Amino acid sequence: QVQLVESGGGLVQAGGSLRLSCAASGSGFSINVMGWYRQAPGKQRELVARIIRAGSTDYADSVKGRFTISRDSAKNTVYLQMNSLKPEDTAVYYCNANIYVASLGHPNNYWGQGTQVTVSS
């Protein structure tokens, strides 16, 4: 069984920074894609950033130049460094991963429990 455990959310003033972490735990798996989504009240969940196995990255236009996604493959961990935060970045941030699980013989999509990020003006 694979689990994603997130940390690093909180309250910050506009212009500040936060770093989110997401670690995948379990055994017999390999990560294809790992990234972050967010969901603000009354809005749909949206992709923030993702990184694929080969190392390429995708970002939402709204966070380009402010957020950076990175990974530590040895720790099965992905990070989201968020700088120059804005009130509109306020949301619950969810870690997401597409992971090949050997015991299943196919990839599965996994979600973390979510971490609140609140940016005050």
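The dialogue below examines the aromatic residues and the nonpolar core of a predicted model.

Student: Why is the pair of Tyr-37 and Trp-111 called edge-to-face?

Tutor: The planes of the two rings stand at 65°, and an angle over 60 degrees counts as edge-to-face. The ring centres are 5.1 Å apart, which satisfies the requirement that they lie within 6.5 Å. The pair is therefore edge-to-face.

Student: Which parts of the chain does this pair link?

Tutor: Tyr-37 belongs to strand E4 and Trp-111 to strand E10 (residues 106-111), with their positions 74 residues apart in sequence.

Student: What makes Tyr-94 and Trp-111 a pair?

Tutor: Their ring centres are 6.4 Å apart, and the limit is within 6.5 Å. The planes meet at 85°, and over 60 degrees is edge-to-face, so this pair also receives that name. Tyr-94 lies in strand E9 and Trp-111 in strand E10, so parts 17 residues apart in sequence are tied together. The structure holds 2 aromatic pairs, and Tyr-37, Tyr-94 and Trp-111 form one aromatic cluster.

Student: Why is Tyr-94 called buried, and why is Tyr-37 called partly exposed?

Tutor: Tyr-94 has a relative accessible area of 15%, and buried means under 20%; Tyr-94 is therefore buried. Tyr-37 has 21% and Trp-111 has 38%. Partly exposed covers the interval between under 20% and over 50%, so Tyr-37 is partly exposed, and so is Trp-111.

Student: How do you know that the charged end of Arg-45 sits over the ring of Trp-111?

Tutor: The charged end of Arg-45 is 4.6 Å from the centre of that ring, and the distance criterion is within 6 Å. The assignment also requires a position within 35 degrees of the ring normal. Arg-45 lies over the face of Tyr-94 as well, at 3.7 Å from the ring centre.

Student: What makes up the largest nonpolar core?

Tutor: This core has 32 residues, and those with the most contacts inside it include Trp-36, Leu-80, Met-82 and Tyr-93. Among the strands that each supply at least two residues are E4 (29-39), E8 (77-82) and E9 (91-101). The largest share, 6 residues, comes from E9.

Student: Which residues is Tyr-93 in contact with, leaving aside its neighbours within four places in sequence?

Tutor: Among them are Leu-20, Trp-36, Tyr-37, Val-48, Phe-67, Leu-80, Met-82 and Val-117.

Terms used:
Residues are numbered from 1 along each chain as its sequence is written. This is a predicted model: local features need pLDDT of at least 70, side-chain atom pairs count only at pLDDT 80 or more; totals for chains, interfaces and linings use all residues. Side-chain values use heavy atoms; hydrogens and water are left out. A nonpolar core is a set of buried Ala, Val, Leu, Ile, Met, Phe, Trp, Tyr and Cys residues joined through side-chain atoms within 4.5 Å. Buried means under 20% relative accessible area, exposed over 50%, partly exposed in between (1.4 Å probe, protein chains only). Helices (H or I, at least four residues) and strands (E, at least two) are DSSP runs, numbered from the N terminus. Contact means heavy atoms within 4.5 Å. Rings of Phe, Tyr and Trp (its six-membered ring) pair if their centres lie within 6.5 Å; planes under 30 degrees apart count as stacked, over 60 as edge-to-face and the rest as tilted.
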